[in-house]
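Here is a short tour of one model, with the computed values set beside the cut-offs behind them. Have a look at the structure first.

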Amino acid sequence: MTLRSSLLPLTAVLFALPAAHASSPSSAASQSSALEPLIQSIIERNAIADQVALGKWNGHTPVFDPAREQQLLESVRHKAHRYQLQPDDAALFQLGQMEANRLIQYQLLDRWHREGKVPPTQRISLNELRHQLDTLQDNQLEALARIEPLRHQNDCAETVSRTAQRMARQSTLDNEHRIALTRSLGDICQIPTGA
C-alpha cells in the first residue's frame, strides 16, 4: 500500500471543498514548509513504537494501557494553554498519536508472533522510551500551535496529504509507518462546518 492510497480518506475531503479559497503556489509551499516540523516529529514518534513493541513483547504486557493513556491525555490538556491550544483540541491530537502508535505495535507484534521471533536489535527500556515520547509531545504541541491558521483553511487536507506523502517518501517509511502517519494526521484539519 502506498501513502497515496492510505491517505485517501484525508484527501477525499478535498474534493468536497469549494475551490474558492485555493492557495497560491507560494502560499502552498509556505504552508507545506510550516507543516514539516510537525510531520517530522510524528514520524520520529511513530518510529519509537517499534521499540515500545519490543518492550511489550519482552515484558508480555498488553499494547493498550488505558491508565497510561489517560495520564497522557490529562497532561496534554494541562499543557495546552502554554501553546495557546484548546485543551480538547490538544487532547484529540494526542489521542491520534497514541492510536497511531498502537497500530504500529499491533502490526509488529502480529508479524513477530507469526514469524516466531523479533528483530535482533538493541532493546531500550520502556521508561527511557516514555521520556523520549514526553519530549516529543511538547515539540508536537508547539508545532501544532504554529500551524493553527492552516488547520482552518479549506485546502488544509490537500496540503497535509501532499506534505505527508513527500516526507514519507523521503523517510522511506514502510506500510505500517505510512498507515500510522495517516492516522496521526487524521484530525489535524479543523474545517468550520458549512465552509
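The report below covers an internal cavity and a pair of packed helices.

This is a predicted model, where local features need pLDDT of at least 70 and side-chain atom pairs count only at pLDDT 80 or more, while totals for chains, interfaces and linings use all residues. Residues are numbered from 1 along each chain as its sequence is written, and side-chain values use heavy atoms, leaving out hydrogens and water.

**The cavity**

A cavity is a set of points on a 1 Å grid over the protein atoms alone where a 1.4 Å probe fits but cannot get out, and lining residues have an atom within 4 Å of a point. The count is one cavity of 30 Å³ or more. The largest cavity has a volume of about 230 Å³, that is, the space filled by probe spheres set on the points. It is lined by 16 residues, and Val-52, Lys-56, Arg-68, Gln-105 and Leu-133 are the closest to its centre. Two or more lining residues come from each of helix 3 (25-59), helix 4 (66-79), helix 5 (87-115) and helix 6 (126-146).

**Helix 5 against helix 9**

Helix 5 packs on helix 9 (residues 175-184) at an angle of about 160°, their axes 8 Å apart. Helix 5 is therefore roughly antiparallel to helix 9 (angles over 145 degrees). Their crossing is right-handed. In the contact (heavy atoms within 4.5 Å), helix 5 residues including Phe-93 and Arg-111 meet helix 9 residues including Glu-176 and Ser-184.

| Residue set | Nonpolar | Polar | Charged |
|---|---|---|---|
| Lining of the largest cavity | seven residues | two residues | seven residues |
| Contact of helix 5 with helix 9 | six residues | five residues | four residues |

How values were computed: On a 1 Å grid over the protein atoms alone, a cavity is a set of points where a 1.4 Å probe fits but cannot get out, and a pocket is an open set with protein on both sides within 12 Å along at least five of seven lines; lining residues have an atom within 4 Å of a point. Helices (H or I, at least four residues) and strands (E, at least two) are DSSP runs, numbered from the N terminus. Ala, Val, Leu, Ile, Met, Phe, Trp, Tyr, Cys and Pro count as nonpolar, Asp, Glu, Lys and Arg as charged, and the others, Gly among them, as polar. Axes are lines fitted to C-alpha atoms, for helices over the stretch in contact, and angles run from 0 to 180 degrees between N-to-C directions. Angles under 35 degrees count as roughly parallel, over 145 as roughly antiparallel, 65 to 115 as roughly perpendicular and the rest as oblique. A crossing is left-handed if the near helix is turned anticlockwise from the far one by less than a right angle, and right-handed if clockwise.
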